Amino acid sequence: SDAVRGYGAKIYWSENTQLAREQKLEEVLGQVPATFIHPYDDYTIIAGQATATLELIQEAPPLDAIIAPIGGGGLMSGAILAAQYLSPLTKMYGAEPIAVNDATESLRQNKRLPPTGKDTIADGLKTGLGERNSEIILDGIYDIFEVEEHEILTAMMLVWQRMKVVIEPSSAVVLAAIIKNKSKFQDKAVGLIFSGGNVDFIKILIEISKINSIQY
């Protein structure tokens, strides 16, 4: 929030629930001349998110698989569409924390399910699938992997230490999924989409301190 405020934006606070955020949104829209743009359940947003996969396919050698994190589904649905057009033989995988595995359960039951309402260190993935996103994902995804909290933190630390790149826990789920499922990706060309670097360092350090050991 300090960074956002530093860029000159005005922040409107609400309770940390979907309903509270929606109510605050309606309140703000009634006060200022603003237009609501949904962060993921919007075809224009999905198309914008697809450019990450577009660039990956253009820059990388032919890929056997691409894996992206799943929260609301904007990035994943965009990735699926881009691959279908540009690299149809590439299998598309998703990854999410097992604590908030509504996308996995939606795939198992072939229908969009609500978010679990549980907590996870990968807080950017707590949102349930959007309607437009779920249609694309359930039709085009090959599989979704679930990962535990300690697996997410271990993968994140690996990227921090080896690549010297700060990624957030919501990004680390993709690497955690590959580490957990090594045999599925052995000798495969795999593209990973890291989704962001928003990190609450104090919170992360507290969670890391709870891990007895980190093994790569």
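Let me start with helix α4, residues 74-86, which in this predicted model has 13 residues and reaches 18 Å from its first C-alpha to its last, close to the 18 Å expected at 1.5 Å a residue. If you follow α4 along its length, you will find that G74, L75, M76, S77, G78, A79, I80, A82 and A83 are buried, and the elements that cover these buried residues include α3, at 43-59, together with β1, β2 and α6, the last of these at 131-140.

Two of those covering elements, β1 and β2, bring us to the sheet, which is open, has four strands in the order β3-β2-β1-β4, and is paired in parallel fashion. Its edge strands are β3, residues 143-147, and β4, residues 190-192, each of which pairs on one side only. Neighbouring strands of the sheet are turned by 25° against each other on average, with direction ignored. Looking at one of the pairings in detail, strand β1, residues 65-69, runs parallel to strand β2, residues 91-97, and five bridges join them; within this pair, I67 of the model stands opposite Y93 in β2. Helix α8, residues 169-180, packs on this sheet and touches β1, β2, β3 and β4, with a direction that makes about 135° with that of β1.

Now, how do α7 and α8 pack, and at what angle? Helix α7, residues 149-163, meets α8 at an angle of about 100°, and their axes lie 7 Å apart; since 65 to 115 degrees counts as roughly perpendicular, α7 is therefore roughly perpendicular to α8. On the α7 side the contact is made by E151, I152, A155, M156, L158 and V159, while α8 contributes P169, A172, V173, L175, A176, I179 and K180. Sorted by character, the residues of this contact of α7 with α8 divide into 11 nonpolar, no polar and two charged.

Finally, I would like to turn to the backbone, and to two residues in loops. N110, found in the loop between α5, at 102-109, and α6, has a positive phi of about 55° although it is not a glycine. Is N110 buried or exposed? Its relative accessibility is 57%, and because exposed means over 50%, N110 counts as exposed. D187, which is found in the loop between α9, at 182-185, and β4, likewise has a positive phi, near 65°, in a residue other than glycine, and with a relative accessible area of 75% D187 is exposed as well.

Technical notes. Residues are numbered from 1 along each chain as its sequence is written. This is a predicted model: local features need pLDDT of at least 70, side-chain atom pairs count only at pLDDT 80 or more; totals for chains, interfaces and linings use all residues. Side-chain values use heavy atoms; hydrogens and water are left out. Two strands pair if DSSP finds at least two bridges between them. Axes are lines fitted to C-alpha atoms, for helices over the stretch in contact, and angles run from 0 to 180 degrees between N-to-C directions. Contact means heavy atoms within 4.5 Å. The expected span of a helix is 1.5 Å times one less than its number of residues. Buried means under 20% relative accessible area, exposed over 50%, partly exposed in between (1.4 Å probe, protein chains only). Angles under 35 degrees count as roughly parallel, over 145 as roughly antiparallel, 65 to 115 as roughly perpendicular and the rest as oblique. Ala, Val, Leu, Ile, Met, Phe, Trp, Tyr, Cys and Pro count as nonpolar, Asp, Glu, Lys and Arg as charged, and the others, Gly among them, as polar.
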